Amino acid sequence: MIKHRKAGLSILMILLLLSAVSLFSAKAQNMTVRNLQVTDIPNDDGTGLRVSWTPLPKESRVIEYHVYRGISPDSLFLISTIPVNAKTGVSADVMYYYDSGWTQIVGVDAPAKAKKDKQPDKATSPLYKEYPHDLNVLKDLMRRTTLLYMMDIKPYYYHTKPIEKDGETYAGLKWYNGSILGKLIPSNKYYYTIVAANEQRKYFMRADMVSGIPVPNEAAAVETFYGKYLPEQGTLQFEWKHPVPSDAVSAYHVFIVDNNKLEAFTGGNYDKGTELVSTSANNAFASVKISDFPQFNYDSLNDYSFVIGCAYNGGITLSEPIKAERSKLNEFYKDTTFVVDDAPDDKGDYLRVEWGKPSAYVTGTSFLGDAKQKMLVAYEYRTNEFYDVNDIYFSFFKVGEDKPFKVHEEFYQDNKIVVPLPKDYDVAKGIRVEMSFNAKSNTGTPLNADYSLTQDLVWDDFIKSLKPSDVMYNEVNLNKTFVTVLSKNIHQSSYSISKEVIALERSLNDLSDYVKREFAIVQDIDVEKKYILIDPNISYKFDPISGSVLSVNLFPGEDKKAMTKLKTSIDELIVEKGTLTDANEIAAAEGQLEQMNAQLESMNNPLLEKVNSVEGRRSRMRMIKKSREHEKRSRSYKIMISDGKGNFFKSEPLMDAKGDVEYFYPVPNWLYLQRLPGLIAALIFGAIVFIMIGLARRGKDLYLRPIAGIQEIDNAIGRATEMGAPILFVPGLSGINDVATLAGLQILSQVAKKAAEYDTPILVPCRDVIVLPIAQEIVKEAHYEAGRPDTFDPSSVFFLTSSQFAFVAGVNGIMVREKVATNFYMGMFYAESLIMTETGNSIGAIQISGTDAVTQIPFFITTCDYTLMGEELYAAAAYLSKEPMMLGTLKGQDYFKFLILFFIVLGTLLSTMKITFLINAFPDK
């Protein structure tokens with residue numbers, strides 16, 4: 001009977017368990033992401049897919065969505081986690097994830113083996129956590145993914161191993177030397193799913209798996225395209241904005257088309273137009289000399305249209321046709337003189353490019369006082385190594401008037417001025433500001449007097465103040481004019497845009513950092529030897545004779561093997577050519593021979609022979625590394641000034657004394673010159689302290705300003721002795737890491753010593769457990785120094801509680817019960833200070849306090865007999881002990897304060913006389 005009952009109970013338990021599992025499965029199914037779709041990203045190069053899905057309602061408390069991808073439906077790996085606010089959820093109807101470009105596949109912290117991710121059906125689930133370091137998995141992934149190995153530069157140089165495979169020599173590296181990035185390959189199928197996870201870290205059931213195939217697409221058309229005809233320059237100039245996305249674009253082509261042939265041209269008959277210029281996908285501007293195309297009548301520009309085409313793999317996408325406007329280039333655009341210097345005070349990462357005359361502009365205004373008769377004007381100014389600015393003159397005009405109502409000379413540029421306003425003028429009408437400069441160039445030539453910038457201050461009803469508008473110079477809007485800095489290193493063939501800034505700027509720091517990482521496409525993976533294989537050839541040095549960058553093999557002797565192999569191939573091709581009879585085959589063989597001979601000639605370069613003559617690998621690699629990294633950090637520059645609509649002027653690169661393009665290299669700076677005044681001040685302070693300590697040790701009587709609170713310490717202790725009542729010493733409520741606590745404990749040492757001499761009991765309650773043993777040792781040592789070790793009571797220094805107000809209640813109770821005669825409060829105090837001192841005041845105790853807590857000093861002054869304020873607390877120990885080290889340091893501080901005060905007064909007097917060299921010598925921070 002009992003067995004039957006147990007069997008029935010077991011069956012019931014199983015049924016309940018199955019019901020729970022079914023219920024959980026149904027709930028998980030309800031929390032599954034819906035409407036998962038994978039579509040090709042339009043207008044890209046065929047390496048991207050877009051994943052979209054409907055987010056779960058906020059009631060599901062989802063905190064993140066996990067995106068999985070795989071090259072087969074058997075195994076999908078986590079590639080991204082998208083966080084979500086659990087409270088608000090996702091307001092959009094659809095969520096997107098763009099799987100495009102290079103994304104990290106394997107990081108240095110990736111697991112060694114593939115691990116299943118959380119799922120209700122984990123045993124059969126195809127979902128795995130992030131890609132592992134398992135080379136078998138990566139080898140399989142290479143079939144449909146381009147892998148990029150990102151490695152630290154040192155292992156790349158010194159830890160690569162030559163690996164032979166299929167007759168080729170590769171450079172092999174262990175996986176732990178770097179990370180692996182991946183990019184989709186066009187026309188391959190990829191599988192995706194999404195899993196939601198809630199705030200309880202419970203993973204819901206995965207969405208139904210879907211697949212997608214990325215394909216190369218037609219490039220997007222350029223939407224913003226401008227053309228200008230500049231007769232004085234004899235050029236046609238074009239500017240445009242890159243289409244989005246632009247990764248499918250391989251080049252830009254600008255065409256001129258007769259209006260009569262425009263329809264046929266846009267229909268695909270490109271012979272009806274004439275290509276004016278072709279430029280790389282990195283550029284967004286082009287200039288054409290009209291003398292190169294004399295067949296067009298430029299005086300009748302309206303007869304022609306201009307079209308820009310985005311070339312891509314398989315075709316070209318045309319923009320809407322535009323007309324080129326006749327324009328005259330303002331002289332401002334032609335001022336492209338610039339210099340390049342090493343950026344100061346850095347570790348060798350930046351070069352500084354500087355151009356143009358100084359600039360200043362108003363950034364904001366606000367009224368002062370209720371009468372609003374004064375206005376605070378905030379401004380910024382920019383200058384560079386070309387000019388040394390002494391004064392900036394701000395002239396303020398009423399609207400419609402030519403005579404300023406106020407001219408302010410800003411001889412010390414602190415970025416703000418106060419302007420009195422006319423009493424009879426309605427500022428809502430606006431104010432015009434003109435900014436001019438008293439400046440000299442680096443050659444001593446004064447800046448031309450007619451150079452000035454203007455800016456209108458326009459009333460804004462929303463902020464109820466004057467709002468600065470754009471800055472104008474010679475009819476040029478500097479807020480809508482741009483300076484583009486183009487750069488390249490000596491290994492690059494063309495200039496690319498480094499940065500674009502508005503024309504109010506006068507300098508730019510361009511990053512030229514140290515070579516720290518190397519990127520290489522993964523050629524293969526050797527699973528057996530556990531190596532990732534990459535191309536062993538590395539760029540080495542720029543050859544000024546051939547004008548090309550030379551490459552070498554990472555491994556000594558490989559270049560010689562390659563030369564021998566190439567010579568053998570040439571000899572074999574010559575023999576084979578002699579057997580040919582067909583003219584086309586002979587021509588093809590001759591072309592191939594020409595290419596191979598050119599390659600052989602480049603390999604016979606003296607620079608390559610020199611580096612390959614070094615036999616030791618490390619010595620050879622150090623030679624390669626030094627030259628390669630130095631040249632990769634080189635920079636040559638051009639600058640271009642443009643309005644973004646075709647009016648631009650581009651400089652030539654700077655040339656050296658030989659007439660060659662000049663390259664610049666950043667230099668590490670040993671000293672941070674902006675902090676040099678701080679270093680000098682520290683040395684002066686150290687010297688003063690050293691001298692004062694020496695004088696104190698030799699017995700020199702150093703005068704100390706009397707401080708009442710310190711002088712009364714002896715009297716306060718004496719009063720407690722006369723009354724036969726104990727002394728209470730509270731060393732603050734902070735920890736030992738607080739400077740005020742350390743100063744309080746120093747005072748405790750002197751107070752305890754004096755109390756021991758008078759045989760007066762002292763009570764020291766502590767709040768911090770670290771302060772407690774230190775205070776006990778200080779009081780014990782004080783009794784020994786006083787010659788009264790027998791009077792030391794270890795229980796007189798005790799721990800109360802770490803709770804703030806409970807500690808105060810305990811201290812107050814001690815005051816009342818023990819009827820203390822004298823209270824010392826020395827250290828850091830908080831909101832409890834007034835409670836303690838009021839209690840001590842009520843029992844008639846003498847109270848001496850000291851703290852550097854600015855918020856508590858007023859309470860101590862009000863309720864205590866004497867208060868040590870701020871640094872007086874730090875000086876108290878020196879006053880009491882007369883110890884030479886402390887005394888000399890204190891006097892050194894006093895003399896250094898006098899020196900600071902002297903410079904403050906001197907700087908004030910000099911600046912009043914408009915002599916600012918002294919205040920400019922000190923750093924702002």
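Two strands count as paired if DSSP finds at least two bridges between them. I take strands as DSSP runs of E of at least two residues and helices as runs of H or I of at least four, numbered from the N terminus.

The model is predicted, so I note that local features need pLDDT of at least 70 and side-chain atom pairs pLDDT 80 or more, while totals for chains, interfaces and linings use all residues. Residues are numbered from 1 along each chain as its sequence is written, and side-chain values use heavy atoms, without hydrogens and water.

Entry one, strand 37. I looked up its partners. Strand 10 runs antiparallel to strand 37 and is joined to it by three bridges; Gly172 has Leu533 as its bridge partner there. Strand 36 (residues 517–526) also pairs with strand 37 in the antiparallel sense, over four bridges, and Asp526 is matched with Tyr531. Four residues lie between strands 36 and 37 in their hairpin, where Lys530 takes a positive phi near 65°.

I then checked the side chains of strand 37 (residues 531–534). Tyr531 and Leu533 point one way, Ile532 and Ile534 the other, and all are buried (under 20% relative accessible area, 1.4 Å probe, protein chains only).

Entry two, the second largest pocket. I found a volume of about 810 Å³, meaning the space filled by probe spheres set on the grid points, which are joined across faces, edges and corners. A pocket here is an open set of points on a 1 Å grid over the protein atoms alone, where a 1.4 Å probe fits, with protein on both sides within 12 Å along at least five of seven lines; lining residues have an atom within 4 Å of a point. Helix 6 (558–578) gives the largest share of the lining, eight residues.

Note on methods:
Buried < 20%, exposed > 50% of the residue type's maximum accessible area, 1.4 Å probe, protein only.
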